[in-house]
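Student: I would like to learn how to read the features of a protein model one at a time. Could we take the surface to begin with and then work inwards?

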Amino acid sequence: MKLSKKTQMLAEGGIAIALALALSYLKIPLGVELGGFGGSIDFVMIPLIVFAVRWGFGWGMLAGLAFGTLKYFVANGFAVSWVSIIFDYSVAYAFVGLAGLLKGKYDHLVDAALIGCVARFVIHFISGVTVYAEYMPEEFLGIGNMTPALYSLLYNGTYMLPNTVIALVVCALLIPVIKKLPKTEK
């Protein structure tokens, strides 16, 4: 029995979201240890990136939005307000779907991963400058007298830089596997 493209896309999207949720429990938490609020090193972006590259940024952003929202509610999310829930979960992970700008370009999976990771970082950075600025400590990583922008850059960089490196390496390793998958329509 042959599945329609839409059925295939929905099934792959559900699997990507479920896999990302499962992977969200395998993490190294960092935020609280650094005197902050959240952030961890994990593998959750990888299934979202692969899905986005297969089906495009629109579907990729929708899958990221669904995952981010679910992650907050079922995977012990932390937020100081509803705005931080929206920014740090729903919108941040939706922006990982921008990896789908390179739809179908499996040889460029690493580039797509970089796009998705940087896009997520930008959202976390904005959240740090706006939502979390009032919670900024007097000193962070031994640096005092910092601006909200510097604090957000350093704080979010502590977990997003390792997450980006992990995503780039794993996506590079996945290229031969991804290229063997059946093509999606363009």
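**Reading the features**

Tutor: Let us take the surface to begin with, where Leu10, Trp59, Leu62 and Leu65 form a nonpolar patch with about 370 Å² of accessible area together. Please keep in mind throughout that this is a predicted model.

Student: Which helix gives the most to the nonpolar patch?

Tutor: Helix H3, which spans residues 57-74, gives the most, with three residues, while leucine 10 lies in helix H1.

Student: How many salt bridges does the structure hold, and between which residues is the one that involves arginine 54 formed?

Tutor: A salt bridge is read from the distance between a side-chain nitrogen of Lys or Arg and a carboxyl oxygen of Asp or Glu, which has to be within 4 Å. The structure holds two of them, and in one, arginine 54 pairs with glutamate 12, with the closest N and O atoms 2.8 Å apart. Because arginine 54 belongs to helix H2 (residues 45-55) and glutamate 12 to helix H1 (residues 5-23), this pair ties together parts that are 42 residues apart in sequence.

Student: Is arginine 54 buried or exposed, and what of glutamate 12?

Tutor: Here the cut-off matters, since buried means under 20% relative accessible area and exposed means over 50%. Arginine 54, at 3% relative accessibility, therefore counts as buried, whereas glutamate 12, at 21%, counts as partly exposed.

Student: Which residues meet in the salt bridge of lysine 179, and where do they lie?

Tutor: The side chains of lysine 179 and aspartate 107 meet at 2.8 Å, N to O. Lysine 179 lies in helix H6 (residues 148-179) and aspartate 107 in the loop between helix H4 (82-96) and helix H5 (109-130), so this salt bridge ties together parts that are 72 residues apart in sequence. Lysine 179 counts as partly exposed at 43% relative accessibility, and aspartate 107 as exposed at 52%.

Student: How should I read empty space, and what volume does the second largest pocket have?

Tutor: The general idea is that rolling a probe the size of a water molecule over the atoms shows where empty space is left. The second largest pocket holds about 210 Å³ of space, and of the 14 residues that line it, the closest to its centre are Glu12, Ile15, Ala16, Pro47 and Val50. H1 and H2 are the elements that give two or more residues to this lining, with the largest share, six residues, coming from H1. By character, the lining of the second largest pocket divides into 11 nonpolar residues, one polar and two charged.

Student: Which residues line the largest cavity?

Tutor: The largest cavity, with a volume of about 30 Å³, is lined by Asp42, Phe43, Val44, Met45, Ile46, Asn163, Ile166 and Ala167. H2 and H6 each supply at least two residues of that lining, and the largest share, three residues, comes from H6. The lining of the largest cavity divides into six nonpolar residues, one polar and one charged.

Student: What is the phi of asparagine 145, and where does the residue lie?

Tutor: In general, most residues other than glycine have a negative phi. Asparagine 145, by contrast, has a positive value, near 55°, and lies in the loop between strand E4 (143-144) and H6. At 81% relative accessibility, asparagine 145 counts as exposed.

Conventions
Residues are numbered from 1 along each chain as its sequence is written. This is a predicted model: local features need pLDDT of at least 70, side-chain atom pairs count only at pLDDT 80 or more; totals for chains, interfaces and linings use all residues. Side-chain values use heavy atoms; hydrogens and water are left out. Helices (H or I, at least four residues) and strands (E, at least two) are DSSP runs, numbered from the N terminus. Buried means under 20% relative accessible area, exposed over 50%, partly exposed in between (1.4 Å probe, protein chains only). Patches are made of residues with over 30% relative accessible area and no salt bridge: like charges are joined within 9 Å, nonpolar side chains (Val, Leu, Ile, Met, Phe, Trp, Tyr) within 5 Å. Accessible areas come from the Shrake-Rupley method with a 1.4 Å probe; for residues, only the protein chains shown count as cover. On a 1 Å grid over the protein atoms alone, a cavity is a set of points where a 1.4 Å probe fits but cannot get out, and a pocket is an open set with protein on both sides within 12 Å along at least five of seven lines; lining residues have an atom within 4 Å of a point. Grid points are joined across faces, edges and corners, and a volume is the space filled by probe spheres set on the points. Ala, Val, Leu, Ile, Met, Phe, Trp, Tyr, Cys and Pro count as nonpolar, Asp, Glu, Lys and Arg as charged, and the others, Gly among them, as polar.
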